[in-house]
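Work through the exercises below with the structure open. Try each task before reading its solution.

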Amino acid sequence: MVNQHILVIEDDKALNGGIVFALEREKYMVHSAHTLAEAKKCLGQKMNLILLDINLPDGDGRTFLKNVLSEQPVPVLLLTARNSETDMLKGFEAGCDDYITKPFSMPVLLMKIAAVLKRSEGASSQLYVSSDLVYDFEKKSLTRHGAEVELTALECRLLEFFLHNRGNVLTRDMLLERIWDADERFVENRTLNVTIRRLRMKVEENPEQPEHIKTVFGMGYKWEDSVNENTIHAEEPFAERTCCKQHSS
């Protein structure tokens, strides 16, 4: 947890203060904001995780989320009182990594935070290079035909899991377990469908006839390389890896 910076964006002062207190006890470096305007001032510091409320006095947190992720692939965990399936899907479509509905217990929140941070760690410094794609595991950057492609943190993690297991069939359950927590009841097949479709739009020449993310009917998905003798892969093993006011203790 050393030097892991977490930005808490929550307008409820009591809840904000409680989260900050709990995170400080866990030795995180905590930054606090009650509005989006305050949050923007904190982003000069590189964050390892953002806890983001949806309903804020000066805007919708999901719009803020999209803007942030267009500049840096930081993991984001949404805090909200909304618990409908539509709202949850909108959160994932905006690029969040996880979701917790108020009221929640602090131990559950801390476990989710630890899980998201763990999933975002451990990138390889090597490159994946195929005929059309280059992915840098350290920088979490993707280029296609030399042009930079913006990825959310969730898309980075999904892409890396495919690359770490290229050529192998990944079942839907495997993807849900590795990319999200398997016991999260709100993570449904439609959520995975949305994320796969969004990633295909960014890595495929023709998303309707994918060359990389293949559907294996009745089973799941499989990543296939472009046929190119110069393809370079990241190092093995792959399966073990799945892009203000400060408080400090």
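Pro103 is found in the loop between strand E7 (98-101) and helix H5 (106-120). This is a predicted model.

**Exercise 1.** Find which residue is joined to Pro103 by a cis peptide bond.

Solution. Start in the loop between E7 and H5. Step back from Pro103 to Lys102: the cis bond joins these two residues. Then check omega, which is about -5°.

**Exercise 2.** Lys140 and His145 are not glycines. Find the sign of phi for each, then decide: is each buried or exposed?

Solution. Take Lys140. It lies in the loop between strand E9 (133-136) and strand E10 (141-144). Its phi is positive, about 55°. Its relative accessible area is 18%. Buried means under 20%, so Lys140 is buried.

Now take His145, in the loop between E10 and strand E11 (147-149). Its phi is also positive, about 55°. Its relative accessibility is 53%. Exposed means over 50%, so His145 is exposed.

**Exercise 3.** Work out the strand order of the open sheet of 3 strands, and name the helices that lie across E12 and E14.

Solution. Begin at the edges. Strand E12 (169-171) and strand E13 (213-216) each pair on one side only. The order is E12-E14-E13, with antiparallel pairing. From one strand to the next, the twist averages 35°.

Next, look at one pair. E13 and strand E14 (residues 220-223) are joined by 4 bridges. Here Thr215 stands opposite Tyr221 in E14.

Last, add the helices. Helix H6 (residues 153-164) lies across E12, E13 and E14, at about 70° to E14. Helix H7 (residues 172-179) lies across E12 and E14, at about 75° to E12.

Terms used
Residues numbered from 1 in each chain as written. Predicted model: local features only at pLDDT ≥ 70, side-chain atom pairs only at ≥ 80, totals over all residues. Heavy atoms only, no water. Pairing = 2+ DSSP bridges. Helix = DSSP H or I, 4+ residues; strand = E, 2+ residues; numbered from the N terminus. Axes fitted to C-alpha atoms, helices over the stretch in contact; angles between N-to-C directions. Contact = heavy atoms within 4.5 Å. Buried < 20%, exposed > 50% of the residue type's maximum accessible area, 1.4 Å probe, protein only.
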